[in-house]
Amino acid sequence: MHVSYYDSTNLHLKYARCSTGCTTPSNWSIVDLGGAATNGGAYSAIAVDASGILHIGYSDEWSFYLRYARCATGCTTASNWAHYSVDVSVLQTTAVAIA
């Protein structure tokens, strides 16, 4: 199970992963992706492609950028995520689709 979400206390994008027993909070690995996403992470959407690569779309509320994050391996380590700016003047909803 993969989840992306906005931590409104720390104003960061976060990624959470759980393999088994996902109804127990301690079974989740949570990664703070806030170092690369300054007050970003709002309205995030996550997808996993056929190769297992993770893709997150999100809004950076300081710069008003639509951002994209990608991780191929070791995704429970924040430095393994690459972040890219996609567009400006975007404030809300994102969606990710694998084509």
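These questions and answers walk through the sheets, core and disulfides of a predicted model.

The model is predicted, so local features need pLDDT of at least 70 and side-chain atom pairs count only at pLDDT 80 or more, while totals for chains, interfaces and linings use all residues. Residues are numbered from 1 along each chain as its sequence is written, and side-chain values use heavy atoms, leaving out hydrogens and water.

Student: In what order do the 3 strands of the open sheet lie?
Tutor: Strands (E, at least two residues) are DSSP runs, numbered from the N terminus. Two strands pair if DSSP finds at least two bridges between them. In this open sheet the pairing is antiparallel, and the order is 1-2-3.

Student: Which are the edge strands?
Tutor: An edge strand here pairs on one side only. The two that do so are strand 1 (2-7) and strand 3 (29-32).

Student: Which residue of strand 3 stands opposite Arg-17?
Tutor: Strand 2 and strand 3 run antiparallel, joined by 4 bridges. Across from Arg-17, in strand 3, stands Ser-29.

Student: How many residues of strand 5 are buried?
Tutor: Buried means under 20% relative accessible area, exposed over 50%, and partly exposed in between (1.4 Å probe, protein chains only). Leu-54, Ile-56, Tyr-58 and Asp-60 point one way, His-55, Gly-57 and Ser-59 point the other way, and all are buried. In a regular strand the side chains alternate between the two faces of the sheet. For strand 5, the buried count is 7 of 7.

Student: What is the bridge partner of Ile-46 in strand 5?
Tutor: Strand 4 (residues 40-48) runs antiparallel to strand 5, and 6 bridges join them. The hairpin of these strands has 5 residues between them, with Gly-52 at a positive phi near 85 degrees. In strand 5, Ile-46 has as its bridge partner Ile-56.

Student: Which residue in the turn between strand 5 and strand 6 has a positive phi?
Tutor: Strand 5 and strand 6 pair in the antiparallel sense over 7 bridges. One bridge links Tyr-58 to Arg-67 in strand 6. The hairpin has 4 residues between the strands, and the one with a positive phi of about 65 degrees is Phe-64.

Student: Which strand gives the largest share of the largest nonpolar core?
Tutor: A nonpolar core is a set of buried Ala, Val, Leu, Ile, Met, Phe, Trp, Tyr and Cys residues joined through side-chain atoms within 4.5 Å. The largest one has 11 residues, including Leu-13, Val-31, Ala-69 and Trp-81. Strand 2 (12-17), strand 5 (54-60) and strand 6 (65-71) each supply at least two of its residues. The largest share, 3 residues, comes from strand 5.

Student: Which residues does Cys-75 touch, not counting those up to four places away in sequence?
Tutor: Contact means heavy atoms within 4.5 Å. Cys-75 is one of the core residues. Its contacts are Tyr-15, Val-31, Leu-54 and Trp-81.

Student: Why is the disulfide of Cys-71 and Cys-75 left-handed?
Tutor: A disulfide is a pair of cysteine sulfur atoms within 2.5 Å. Here the S to S distance is 2.2 Å, and both cysteines are buried. The link is left-handed because the torsion about the S-S bond is about -110 degrees.

Student: Is Cys-22 buried or partly exposed?
Tutor: Cys-22 is joined to Cys-18 by a disulfide (S to S 2.3 Å). Cys-18 is buried, at 2% relative accessible area. Cys-22 has 28% relative accessibility, so it counts as partly exposed.
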